[in-house]
Amino acid sequence: MRTHELAKLLLEYPDMEVIMQKDEEGNGYKPLRGVDFDCLFDVETEEVFSTEWSAEDAGFDEDDWEEFKNNTPNCAVLFPGWFQS
């Protein structure tokens with residue numbers, strides 16, 4: 001799903017809390033806390049990397065990290081949090 005598709009879906013409903021399902025089986029739920037737009041998603045390993053990480057942080061050597069960053073489009077990662085009163 002692209003960001004504009006998510007925005008369109010969310011704008012169809014009144015102001016409400018967004019809850020994230022933990023897994024396909026529904027074994028837990030948490031409210032959405034934020035969005036990180038500085039991420040790269042490796043479709044082969046299903047891992048997410050921050051564009052702000054160094055090659056060492058990401059587990060790459062410098063050349064491979066630069067190639068990965070240059071050939072992998074940014075993605076938005078939604079992350080959970082806790083309800084605040």
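I take the radius of gyration over C-alpha atoms, and my globule rule is 2.2 Å times the number of residues to the power 0.38. This is a predicted model, where local features need pLDDT of at least 70 and side-chain atom pairs pLDDT 80 or more, while totals for chains, interfaces and linings use all residues. Residues are numbered from 1 along each chain as its sequence is written, and side-chain values use heavy atoms, without hydrogens and water.

**Overall form.** I looked up the radius of gyration of the protein chain and found 16 Å, where a compact globule of 85 residues would have one near 12 Å. The C-alpha trace spans about 45 × 25 × 25 Å along its principal axes.

**Fold.** I found 3 helices and 4 strands, in the order α-β-β-β-α-α-β along the sequence. These are DSSP runs numbered from the N terminus (helices: H or I, at least four residues; strands: E, at least two).

**Burial.** Buried residues make up 16% of the 85; buried means under 20% relative accessible area, exposed over 50%, partly exposed in between (1.4 Å probe, protein chains only).

**Salt bridge.** What did I find here? The structure holds 1 salt bridge, that is, a side-chain nitrogen of Lys or Arg within 4 Å of a carboxyl oxygen of Asp or Glu. The side chains of Lys69 and Glu66 form it, at 3.3 Å from N to O. Both sit in helix α3 (residues 62–71), 3 residues apart, so about one helical turn separates them. I noted Lys69 as partly exposed at 26% relative accessibility, and Glu66 as partly exposed at 35%.
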